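Visitor: I would like to take a close look at a single part of this structure, the sheet, and to go through it strand by strand. Could you take me through it slowly, as you would for someone in a first year of study?

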Amino acid sequence: MEVRVDSSASKNWLAVISSHFLVPSPDRVFPLQMSLTCRRTSEEEGTIKATDLKKLTTGRKHDKGIKLYDPGYLNTAPVRSSISYIDGEAGILRYRGYPIEELAESSTFPEVAYLLMYGSLPSQSQLAEWEFVIAQHSVVPQGILDIIHAMPHDSHPMGMLVSAVGALSIFHPHANPALRGQDIYKRDEQIARILGKARTIAAAAYLRTAGRPPVIPSSNLSYTENFLYMLDSLGNRSYRPNPRLAQVLDVLFILHAEHEMNCSTAAARHLMVPVYK
């Protein structure tokens, strides 16, 4: 195969493509000679569109062009994200351009959640309003707690969490797109609802495995302090979590706040492909 490129930066991926340009024949294998020219823009950021490879054909009948074979999606980019950037090998994690080290040092989890959702860190007044709205959604319906209580005490915590979060749609039918249509995508209320209720549900799931009743969240503690309070207070309203432990947990929440195209995100996007075709 003969390959000509304009950019030396393109040689690596062209070498991979060229290794696949051998067309099998019933009685023999012969090389397919092809010349490729790469004129990528800066916006493409080292990528090519996989659908463009369909144009590379032998001209034979039923030849639908080149396809990429990438088991495990080890070198496939299904989306360009402005929300986060991860390079695990280099130890790099950025949210909206901010290094994770900077955010872990100087921001709280609610601040980082705001940053991820809206693209900038909140002002003092925006943060106060954001935390207030989340707190307003922290109490879960009694029916959700009854569902958790009905689960076996040795249930897997993730199974309990997923089941309870899924059941929220029963108690908030106005948030069901099948009933509400496109109006559901006034997203702010749904975001605050999940952020507020997730920690309460997670705490209730843990308490179920410990054989203890759920605890109502406090109204005067931070996000992570409230989570620890529900885990350990035994209903004692004067209990205060260890501030050092709350800080460590806050950093842990920040680290796991956004992980780009992880398995669950990729699976959800793949599921929605037929909708947007």
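Guide: Let us begin with one pair of residues in this predicted model: Tyr 95 has Tyr 98, in strand S5, as its bridge partner. That pair belongs to the link between S4 and S5, two strands that run antiparallel and are joined by two bridges. S4 and S5 also form a hairpin, with two residues between them, and in that turn Arg 96 has a positive phi of about 50°.

From here we can step back to the whole sheet, which is an open one made of three strands in the order S3-S4-S5, with antiparallel pairing. Strand S3, residues 84-87, and strand S5, residues 98-99, stand at the edges, and because each of them has a single partner strand, one side of each is left without a neighbour in the sheet.

Turning now to the other pairing, S3 and strand S4, which covers residues 92-95, are paired in the antiparallel sense over four bridges. Two pairs of residues help to trace how these strands lie against each other: Tyr 85 stands opposite Arg 94 in S4, while Asp 87 stands opposite Ile 92, also in S4. S3 and S4 form a hairpin as well, here with four residues between them, and Gly 91, which lies in the turn, has a positive phi of about 70°.

It is worth staying with S4 a little longer, since its residues can also be sorted by the face on which they lie. Leu 93 and Tyr 95 make up the covered face of S4, whereas Ile 92 and Arg 94 make up the uncovered one. If we put this together with the pairs already named, Tyr 95, the bridge partner of Tyr 98 in S5, is on the covered face of S4. Arg 94, which has Tyr 85 opposite, is on the uncovered face, and Ile 92, which has Asp 87 opposite, is on that uncovered face too.

To gather the picture, then, you can follow the chain from S3 through a turn that holds Gly 91 into S4, and from S4 through a turn that holds Arg 96 into S5, with S3 and S5 standing at the edges of the sheet.

Note on methods: Residues numbered from 1 in each chain as written. Predicted model: local features only at pLDDT ≥ 70, side-chain atom pairs only at ≥ 80, totals over all residues. Heavy atoms only, no water. Pairing = 2+ DSSP bridges. Buried < 20%, exposed > 50% of the residue type's maximum accessible area, 1.4 Å probe, protein only.
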